[in-house]
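Visitor: I am new to this structure. Please show it to me, and I will ask how each label is earned.

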Amino acid sequence: MTDCIFYGGKGGVGKTTCAAATGLSLAAAERETLVVSTDPAHSLADSLEAEIGPEPTELEGALEAVDGADSDPAGGLWAVEVDPETRNERYEKLTRALAADLRSAGISLSDAEVERLFATGAPAGSDEIAALDLLVEYVDAGEWDTVVFDTAPTGHTLRLFDMPDVMGVALETAHSLRGQAKRIGNAARTAVFGPMSMMTGTSDEDESLAAFRDRLERARDLLVDPERTEFRVVLVPESMAIAETERLVERLRETGVPVERLVVNRVLEDPHDGCPRCRSRRDRHEERLAEIRTAFPDLAVATLPALEGEVQGRESLAAIARRLPD
């Protein structure tokens, strides 16, 4: 059974770093692990110093920098960056299936009209639809023990978790319209051709649309299953970040998504000697950490140190991994 870990939070707080480091740690613990970036501003390839494309790619030698990793570990690390083209293809496939389904019921929607829907790119929400579709695909593949998601910033993340409900309503509405039109069309055909007009099978488009609706329902089930899914919120020790995290956690809990842990990144722990500004910053960070623990008494809190420069490369990620839970 495949487990899921989501890292969410506002942009620029270190979600990609946490996702990549967690992937390394899990793989070193002999779990087949896939790290997925659904953030349009990809940086996963830079973090892992690897060539990563729109299909899952196994990273050779990824665990060499991790302390305690077996020289020939049973687990492997895979990564994928879901690019705009992949997201567009996923959404367009759904739209074409819906258009064909409606045409079969007598509601006209031509190929040219479908093409115009994508003339200026995929519409808002297509990223989230693709992410949910891929979530189910990766989990159902059965190739990985854990799938770690580096999600988009907070606004995108909230839409991602709303999407099953939103799309469920949209698909049910389309299905209802289709049913009404089909009943009218069937009545007309029966009047003209008799009972033989009803001897037709289910189209591939019908099956595709139903399958997509089923995948959305499966995605929803996965997202709210505490036995299989954990959402970890990443933030920095700043007042605005704490307020935004409170809103995100509240929203996730309203939708039933299990949140168990916060990761506070860029905490100054060892100020330079003779640097009053550094000591003041450390004191401020300690105050913010106390605020975080007070605001979220039921959540575990992990802290990551402020490091000079960007966290890039597997050795740097391995150091972060040691501070994160598996």
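Guide: A search of the whole structure finds ten salt bridges. This is a predicted model. One of the ten pairs Arg218 with Asp140.

Visitor: What makes the contact of Arg218 with Asp140 a salt bridge?

Guide: A salt bridge needs a side-chain nitrogen of Lys or Arg within 4 Å of a carboxyl oxygen of Asp or Glu. In Arg218 and Asp140, the closest N and O atoms are 2.3 Å apart. That is within 4 Å, so the label fits.

Visitor: Which parts does the pair of Arg218 and Asp140 tie together?

Guide: Arg218 belongs to helix α7 (residues 204-223), and Asp140 to helix α5 (residues 126-141). The pair therefore links parts that are 78 residues apart in sequence.

Visitor: Why is Arg218 called partly exposed?

Guide: Partly exposed lies between two cut-offs: buried is under 20% relative accessible area, exposed is over 50%. Arg218 has 32%, so it falls in between. Asp140 has 46%, so it is partly exposed as well.

Visitor: How do you know that Arg282 and Asp283 form a salt bridge?

Guide: Their closest N and O atoms are 3.5 Å apart. The limit is 4 Å, so the pair qualifies. Arg282 is partly exposed at 24% relative accessibility. Asp283 is partly exposed at 34%.

Visitor: Which residues do shared salt-bridge partners join into one network?

Guide: Glu230, Arg232 and Arg261. Within it, the side chains of Arg232 and Glu230 meet at 3.1 Å, N to O. Both Arg232 and Glu230 are buried.

Visitor: Glu230 and Arg232 are on the list for strand β6. What makes this strand mostly covered?

Guide: Count its residues. β6 spans residues 229-235, and seven of its seven residues are buried. Buried means under 20% relative accessible area.

Visitor: How do you know that both faces of β6 are covered?

Guide: Look at each side in turn. Thr229, Phe231, Val233 and Leu235 are on one side, and all are buried. Glu230, Arg232 and Val234 are on the other, and they are buried too. In a regular strand, side chains alternate between the two faces of the sheet.

Visitor: What makes β6 and β1 a pair of strands?

Guide: A pair needs at least two bridges. Five bridges join β1 (residues 3-8) to β6, so the two strands pair. They run parallel. Phe6 stands opposite Phe231 in β6.

Visitor: How many bridges join β6 to β7?

Guide: Five, and these strands run parallel. Val233 stands opposite Leu262 in β7.

Visitor: In what order do the strands of the open sheet lie?

Guide: There are eight, in the order β3-β4-β2-β5-β1-β6-β7-β8, with mixed pairing.

Visitor: Why are β3 and β8 called edge strands?

Guide: Each of them pairs on one side only. Elsewhere in the sheet, five bridges join β2 (residues 33-37) to β4 (residues 77-81), and these strands run parallel. Ser37 has Glu81 in β4 as its bridge partner.

Visitor: What makes the phi of Arg266 worth a look?

Guide: Most residues other than glycine have a negative phi. Phi of Arg266 is near 65°, a positive value in a residue other than glycine. Arg266 lies in strand β7 (residues 259-267). It is partly exposed, with a relative accessible area of 37%.

Visitor: Which phi value does Glu49 have?

Guide: Glu49 has a positive phi of about 50°, although it is not a glycine. Its place is in the loop between α2 (44-48) and β3 (57-58).

Visitor: Why is Glu49 called exposed?

Guide: Exposed means over 50%. Glu49 has 52% relative accessibility, so it counts as exposed.

Visitor: Which residues gather with Glu49 in a surface patch?

Guide: Asp46, Glu310 and Glu315 join Glu49 there.

Visitor: Why is the patch called negative?

Guide: Asp and Glu count as negative, so Asp46, Glu49, Glu310 and Glu315 make a patch of negative charge.

Visitor: Where does Glu310 lie, and is it buried or exposed?

Guide: Glu310 lies in the loop between β8 (300-305) and α10 (314-321). Its relative accessible area is 69%, which is over 50%, so Glu310 is exposed.

Key:
Residues are numbered from 1 along each chain as its sequence is written. This is a predicted model: local features need pLDDT of at least 70, side-chain atom pairs count only at pLDDT 80 or more; totals for chains, interfaces and linings use all residues. Side-chain values use heavy atoms; hydrogens and water are left out. Patches are made of residues with over 30% relative accessible area and no salt bridge: like charges are joined within 9 Å, nonpolar side chains (Val, Leu, Ile, Met, Phe, Trp, Tyr) within 5 Å. Accessible areas come from the Shrake-Rupley method with a 1.4 Å probe; for residues, only the protein chains shown count as cover. The place of a charge is taken as NZ of Lys, CZ of Arg, CG of Asp or CD of Glu. Helices (H or I, at least four residues) and strands (E, at least two) are DSSP runs, numbered from the N terminus. Buried means under 20% relative accessible area, exposed over 50%, partly exposed in between (1.4 Å probe, protein chains only).
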